[in-house]
Each structure stands twice: as C-alpha cells, then as structure tokens.
Amino acid sequence: MVTPIKRSHYLWTSLLLLLVLSLGLLSATVQADSFEVSVDRSRLSENETLTLSIKTDVLSLFDSPNLDPLHTDFEVLAQQARTNIQIINGQNRSEKMWEITLLPKRTGTLIIPALVLDKQTSQPITIEVQKAPRNSLQSADVFLHSEIDQQGPIYVQQQLIYTLRLYYATSISDHGLTDLALPDDLLLPLGNRRDYESQLNGRTYSVAEWQFAIYPQRSGELIIPAQTFSGRVRQNSRNYSLGSLKQIRIQSPEHRVQVLPIPDEFAQQPHWLPATSIKLSQKWSGDYSQWQVGTPITRQLLIEAKGLTAAQLPPIELGNLQNLKQYPEPAQQQDTNSAQGFSSQRSVNIALIPTQAGRVTLPAIEIPWWNTNTQRMELARLDEMTIEIQANPNSVAPAEAKPNRSANKPQVQIVRESANLLPWQLFSLSTSIIVLVLAVLFWRQRQQLAQLISTQSAQKTHAHGRTKIPFDNQSSAEYETLWRQHQNELLNLCQQHQAQQAWQAWLRWQQVQKIETSVEFDQALIELQSQLYGAQANPEQWQGYRLLQALKQLSPSVQSSSAQLQPLYPR
C-alpha cells in the first residue's frame, strides 16, 4: 500500500530529476559550439541527388538552419530532423541532425553556401556536377524519354504527336509527374496511358507511355517543356541513413519546333486544311440511272481526313440545283485516335427529289487541302455528274380538250351511239360511273383529312416551339445547359475581341456537341480564321461583333421536320 508519505517522496524525486535534466540541457546549450555540415558526395551527374547533413549539439525547440541560400543552385526535395539525448555517468550528451535531399539545378561547379544556426556559421562546400553520359539512361533504374514525330518545321494547325515514356526497373512510391501544359495551343490526348514491358541492354523495364496530339495555333517557335518525374525508389545499397528509399527527380528532354504560317499559294483558300490525307466520296441510297420524277433518293457526301479533327473539316455546300429539290440533314462528325494521331470524318445526307423529266447536272465538288508529306496543295474532288431523269408513268397527266366545232353534232352522235348500246354495255358504263364517283368522294375525304392533320401539326409546332435534339446520351436539359455554357463563353470572348481564345473555345465546343450553324455564323468563322491564319493575319485587329450577332441567333435546338422542310410531294 502506497502511503501519502511515499507518494510525496516520489513526487519530490521526480521534480528533482526534471530540474537536473533542465539544468543540464541549459548548460549544454550555453556551452555548445559544435556545428557540422557535410554531404554524402561532392561529385555527381546531372539529375542525381545528394544528401546534405547538418549536425549540432545545440538543442533548441525553435531554431533550425536557414535553407534559403540553397535555393539559388539547388532544389530542396525533402528534409528530415531527429534528436538524440544520452546521459552517461551523470553527463548528458545531446545531438540534433537534419538530413536534406538536394537536386542541382545545373551542371558545373556549385557552391553550398555557409549556413547559419544559433549564431554559428558553417564553411562553404564545393560540388561538381557533370553532364550525364549518353548510356546513363539505359543503366539507370528510372528514366524519362520523350519524342516528337516531326523533326523539321511544321505548319500552323498541323498535327504534331508527342510521346512521353517512363522506364522503371524498381519499385516506386510517392511519385508524381507534371502535366503537359501548352496554354496557347490545342492539346488532345491520344487515348489513355499504355503500360507494357521493354528490354534495354538485357534489362527488363516496365514502361508507362502517354501520347498527345498538339495543334499549334500560331506561327513561330513551339517549345514543348521538359516533363519532371519525382518519387522515391528502393535502393540496394544500405549507405543511406534515411533507409532503403531514395528521393529522385528526373526530367525528359525539351523539344523546340519551328511553326510556319499558311503558305502564300494557299492563302486565298477559305479553309486551311494541313493533313496527310483527305478523301471525298459519295454514296447513293438508290439507282440514280432509273431515277424518276417525284422519287426521292438520298445522296451521302463523306469527307475523311488523317491528321485533322472533325472540328477542322469544312462544311459541304452544294448551292442551288435546277429541277432538283434538296432536303439536307444535319452533318455528322466523328473523331478516332490511335498512335498515329487523329482521323476524322464529316458526312451529310441530302434527300434529292427531281421535279421535271430531263437531264440534271450535279456540279463538281472540290476541297483544296495542304499535303504535309509532299508540301504542296492538292484537291479532294468529286467529278461533275449528269443524270437523266425519267418521267413517272404512275403520274396522271391532264387530258387534252378537243375544239368544239358544233354544239349539235356531238349530241346527235351520242344519241345514235346510245341507241345502238347493248344491255351489258349499259351496265358496264353505269358501274364505271359509280366507281368513278366513289373514287372522287374518297379522294376528297383524304384531302380534307390531310389538311386537318397538317393544321393540327402546325398548331402543335407553333405552341411548343422547337424540337430539341439531344447529343449522344445527354438528356435534353443536359444538352441545353452545356450548350448555353459554351455559347456564353464564346459570347464573352467575342465581346472582348479575343480572336485566339474565341477560336479555341469554338474548337472545344465542337469536341463535345453537335452544333447546327447558320450561313452568317459560318461566314463570321471564316473571317475569324482569316484574321488568325490568313496571309494578312492580324488577330489584334479582329472585331467580334459579326460573330457575336450570328452566335446570338443560334439556338440549342432545330425546327421540327414539319416546320423546317418543305413537303416531299407538294400539292
């Protein structure tokens, strides 16, 4: 049993011990003069780290070395601190250590400047950083490699494929990779990250690969910055006081590409299309060699391109066709990507109905584009077509009236013929008359019913306005909300006359939604593209009023078919 006297004794003993320790620590703090700064190595290669150790016998809860002078030539990746206190034969010995991982910012002779701690100053340390040998990547546990598919100059808005690979032959933890950022250019990922294995110099590496398609939006020098990977890798050596994990930071090469403006021989064309291939084709829903008046046939026009996105493809304009009615559907766009970059297509279906028999000529369709492989302008072309339209045998032509020379002569003739009619002929004639009368009555009822349905449909269309067309799996509400967000973004940029940002906003919008534009809007876009990439390009002088007004007229919906299209068979 612990009595109050014993409890009081224990309390006084503990207080005395704490007092002795405090006096010892204070004495050590006052008398300390040990301050050591060292590095684990003084010669190293670029992208390698070194460990800076700071040791002192000054124990203070608030003092720590000032590392600001290190930031001139080094990056501080990590730091740890620990304290050791020992009491031997009544003498206390205390020690505090900092271990700091540094990455040199450049090669050459670097100086770790004098550090100050509690009025004590260390001596400067000289570090030699050499360039990494060429074969160092293949012998390293972890390294980054990047490449581009074009080594020479490219044109503005031409596709450039950038590939980044991370090779690692050891376990990695606490890792991170910087994001590729090109704010003034269009950057699109080519799929998700790909993982595989590779053999280099007899050693197996795990590889993580990323690919991007870059479309520079202005001429000049394009700089693709170096990407940085940082993490902790496991080491086989046991010389590291922090354990078997070592902090690393490595970088990929930087790439510089010269971007050329639109060539002078292409400057007068309405659409700038730098690609490796563009094809123009057509399909017909029926046999146009047997085409008859009033019979609809759908003509599909298809543009296929390699090296361009669907948003860059131009619309196909047919103009007015004589003796043919046109009913075009909204254009369809599709993008696909692979390791070779983007492939895209734009198609439009047009219902054509001939109104007269005879010869009809469909004009040639030409799309000029720039072949980035041959460095010259080419034409994607559909030749002119001449089609013979046949008369429809099922159509009823009005009977031609004969001149009435004598009013009495037909009556006499009818009487004479009637007198000679047989009974079965009278029966057939009466039956034909009855059938004809019934057919006329039935036809009139059908006409009245069609007019009633048309009137109700028009009233319903007028009452409910436009029919919304959702995009892919979006609901109508989601489609309209997203549409308004992109429209407002583009409106704001037009009001601020920001040509480059407006064009990029339009490209982003085209990637996520199908947009039904107008002729005024397309013309305003051509004017914007000319200000950005034409022969007399001057984005700073662009005024967004015309595009602004055309954009305000667009709507996130199109008219219903009954209100938008003319009837296929007009009465």
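What follows is a short walk through some helices, strands and one cavity of this structure, which is a predicted model.

Let me begin with the helices, and with H5, which runs over residues 476–495. Helix H5 has 20 residues and reaches 28 Å from its first C-alpha to its last, close to the 28 Å expected at 1.5 Å a residue. Its buried residues are Tyr-479, Trp-483, His-486, Gln-487, Leu-490, Leu-491, Leu-493 and Cys-494. Around the axis these residues cover an arc of only 160°, which puts them on the same side of H5. What covers them includes H6 and H8. Just after H5, there is a positive phi of about 60° at His-497.

Helix H7, residues 519–533, can be read in a similar way. With 15 residues at 1.5 Å a residue, helix H7 should span 21 Å, and the 21 Å between its end C-alpha atoms agrees with that. Which residues of H7 are buried? They are Phe-521, Ala-524, Leu-525, Leu-528, Gln-529, Leu-532 and Tyr-533. Seen down the axis of H7, they fall within an arc of 150°, so they line one face of the helix. The general background is that an α-helix has 3.6 residues a turn, so residues three or four places apart point the same way. On the other side of H7, Val-519 and Glu-520 are exposed, while the buried residues pack against helix H6, at 499–512, and helix H8, at 545–552. H6 and H8 therefore appear in both accounts, since they are among what covers the buried residues of H5 and they pack against those of H7, which line one face of that helix.

Turning now to the strands, I will take two open sheets and a hairpin. One open sheet of 3 strands has the order S21-S28-S29, and its pairing is mixed. Strand S21, residues 274–275, and strand S29, residues 376–382, stand at the edges with a single partner strand each, so one side of each is left without a neighbour in the sheet. Strand S28, residues 365–371, runs antiparallel to S29 and is joined to it by 7 bridges, with Ile-367 standing opposite Ala-380.

Another open sheet of 3 strands, also with mixed pairing, has the order S11-S20-S17. Here the edge strands, each pairing on one side only, are S11 at 154–155 and S17 at 220–224. S11 pairs in the parallel sense with S20, residues 255–260, over 2 bridges, and Ile-154 stands opposite Val-259 in S20.

The hairpin is formed by S15 and S16, with 2 residues between them, and Asn-201 in the turn has a positive phi of about 55°. S15 covers residues 194–200 and S16 residues 203–215, and the two run antiparallel with 7 bridges joining them; Ser-198 stands opposite Tyr-205 in S16.

A single residue deserves a moment, namely Met-385 in strand S30, residues 385–389. Is Met-385 buried or exposed? Its relative accessible area is 11%, so Met-385 is buried. Leaving aside residues up to four places away in sequence, Met-385 touches Gln-282, Trp-284, Tyr-288, Arg-299, Val-360, Thr-361 and Leu-362. From Met-385 to Ala-364, the separation is 21 residues in sequence and 7.3 Å in space, C-alpha to C-alpha.

I close with the interior space. A search of the whole structure finds 1 cavity of 30 Å³ or more, and the largest cavity holds about 30 Å³ of space. Its lining consists of Gln-157, Leu-186, Tyr-215, Gln-217, Gln-312, Trp-503 and Leu-507.

Conventions: Residues numbered from 1 in each chain as written. Predicted model: local features only at pLDDT ≥ 70, side-chain atom pairs only at ≥ 80, totals over all residues. Heavy atoms only, no water. Helix = DSSP H or I, 4+ residues; strand = E, 2+ residues; numbered from the N terminus. Expected span 1.5 Å × (residues − 1). Buried < 20%, exposed > 50% of the residue type's maximum accessible area, 1.4 Å probe, protein only. Arc of directions from axis to C-beta. Contact = heavy atoms within 4.5 Å. Pairing = 2+ DSSP bridges. 1 Å grid on protein atoms, 1.4 Å probe; cavity = no way out; pocket = protein on both sides within 12 Å on 5 of 7 lines; lining within 4 Å. Points joined across faces, edges and corners; volume = space filled by probe spheres on them.
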